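Here is a quick tour of a predicted model. Grab a viewer and follow along, starting from the inside and working through cores, strands and charged pairs.

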Amino acid sequence: MTSWTSTFGGTTIGPVSTQVTPTPSRTLSELVVSPVGTLSVFDFTTPVPYPFGTERTGWLVTDLDQAVRAARADGATVTVAPFADPIGRDAVVQFPGGVSAQLYVHTTPPSYPALASVPENRLYLSPDAVGAFLHSYLSFTGGRIVSDDRRADGAALGLPGTTYRLIRLTSGFGTTTVAVTDGHLPHPFGRELTGYGVPDVATTLERAKAAGASVLSGPVRADGRDSAMVRFPGGYIAEIHTAR
């Protein structure tokens, strides 16, 4: 938590010992509110019940039951049926291609400060899965394709001299970057969950290193922006890129 806020700024709420799964478990829960995104951080003091920890992201919705019905109708599967948590209700859905998202509502709607940049969900899919994924995901989110580059610079994925398909999506749930590849990826690409936009990548990387994070790859210039891969203490891997 200290490393994150030292890198990006922001504040934390918690930790609070609580149960956030439908079966018995215990975790120290902490919320990070920062200019580049909001994080729910869990430090489990018991084994983590399956499938928690495999979600790619979490989305706040206004009506959980309606959201679950919509996800099913749009081709997603419900992997964890709705359940109550200490501050609301949750469910986990999975879109074609194995992309899981947690849907949740709060009993008292939260209010967070405006973001300086919108974080992007970063997904890696095979050519076999991307068509079904896009149909389901865009239907559920009400999103659209911003760009679809079938010859994007592979340097952004640690593969200079190669190309891959890069799809950028936007919706009311935020932005999403989809890398369509053959799966021949060097570490750590594919391990990151989210990309965070910053005014200056080099300056942010210096702050991250001073705060105990490790730069795993980059910075590199590709696809119109600078980017790098960073691992924070605890093992969380994130992409950092130039905000547009």
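## The nonpolar cores

The largest nonpolar core has 26 residues, and the members that touch the most others are Phe95, Phe133, Leu169 and Val178. Several elements chip in: α2, β6, β7 (99-106), β8, α3 (127-141), β10 (163-171) and β11 (174-180) supply at least two residues each. The top contributor is α3, which gives six residues to this core. A second core, separate from that one, has 16 residues, including Trp4, Phe8, Val36 and Ala238. As a general point, nonpolar side chains in soluble globular proteins tend to be buried together.

What does Leu169 touch once its neighbours within four places in sequence are left aside? The contacts are Phe133, Leu134, Tyr137, Leu138, Arg144, Ile145, Val146, Gly174, Thr175, Thr176 and Val178. Two of these, Phe133 and Val178, also appear alongside Leu169 among the core members with the most contacts to other members.

## A serine in helix α3

Have a look at Ser136 too, which is found in helix α3. Is Ser136 buried or exposed? Ser136 counts as buried because its relative accessibility is 1%, and the cut-off for buried is under 20%.

Setting aside neighbours within four places in sequence, Ser136 is in contact with Asp74, Gly75, Ala76, Phe95 and Pro96. Phe95 in that list is one of the core residues picked out earlier.

## A three-stranded sheet

Next up is an open sheet of three strands, ordered β1-β2-β3 and paired antiparallel. The edge positions go to β1 (11-18) and β3 (37-44); each has a single partner strand, so one side of each lacks a neighbour in the sheet. From one strand to the next, the twist averages 15°.

How many bridges join β1 to β2? There are six, and β2 covers residues 27-34 and runs antiparallel to β1. If you want a pair to click on, try Thr12, whose bridge partner in β2 is Val32.

## Salt bridges

Searching the whole structure turns up nine salt bridges. One of them pairs the side chains of Asp65 and Arg89, at 3.2 Å from N to O. This pair ties together distant parts of the chain: Asp65 sits in helix α2 (residues 64-73) and Arg89 in strand β6 (residues 88-95), 24 residues apart. Asp65 counts as partly exposed because its relative accessibility is 34%, and Arg89 falls in that class because its value is 31%.

Another salt bridge joins Glu239 and Arg122, with the closest N and O atoms 3.5 Å apart. Here too distant parts of the chain are linked, with Glu239 in strand β15 (residues 237-242) and Arg122 in strand β8 (residues 120-125), 117 residues apart. Glu239 and Arg122 are both buried.

For a local pair, check Lys209 and Glu206, whose closest N and O atoms are 3.1 Å apart in a salt bridge. Both lie in helix α4 (residues 201-210), three residues apart, which is about one turn of the helix. Lys209 is partly exposed, at a relative accessible area of 43%. Some of the salt bridges share partners, and these join Glu120, Arg122, Glu192, Arg225 and Glu239 into one network.

Notes:
Residues are numbered from 1 along each chain as its sequence is written. This is a predicted model: local features need pLDDT of at least 70, side-chain atom pairs count only at pLDDT 80 or more; totals for chains, interfaces and linings use all residues. Side-chain values use heavy atoms; hydrogens and water are left out. A salt bridge is a side-chain nitrogen of Lys or Arg within 4 Å of a carboxyl oxygen of Asp or Glu. Helices (H or I, at least four residues) and strands (E, at least two) are DSSP runs, numbered from the N terminus. Buried means under 20% relative accessible area, exposed over 50%, partly exposed in between (1.4 Å probe, protein chains only). A nonpolar core is a set of buried Ala, Val, Leu, Ile, Met, Phe, Trp, Tyr and Cys residues joined through side-chain atoms within 4.5 Å. Contact means heavy atoms within 4.5 Å. Two strands pair if DSSP finds at least two bridges between them. Axes are lines fitted to C-alpha atoms, for helices over the stretch in contact, and angles run from 0 to 180 degrees between N-to-C directions.
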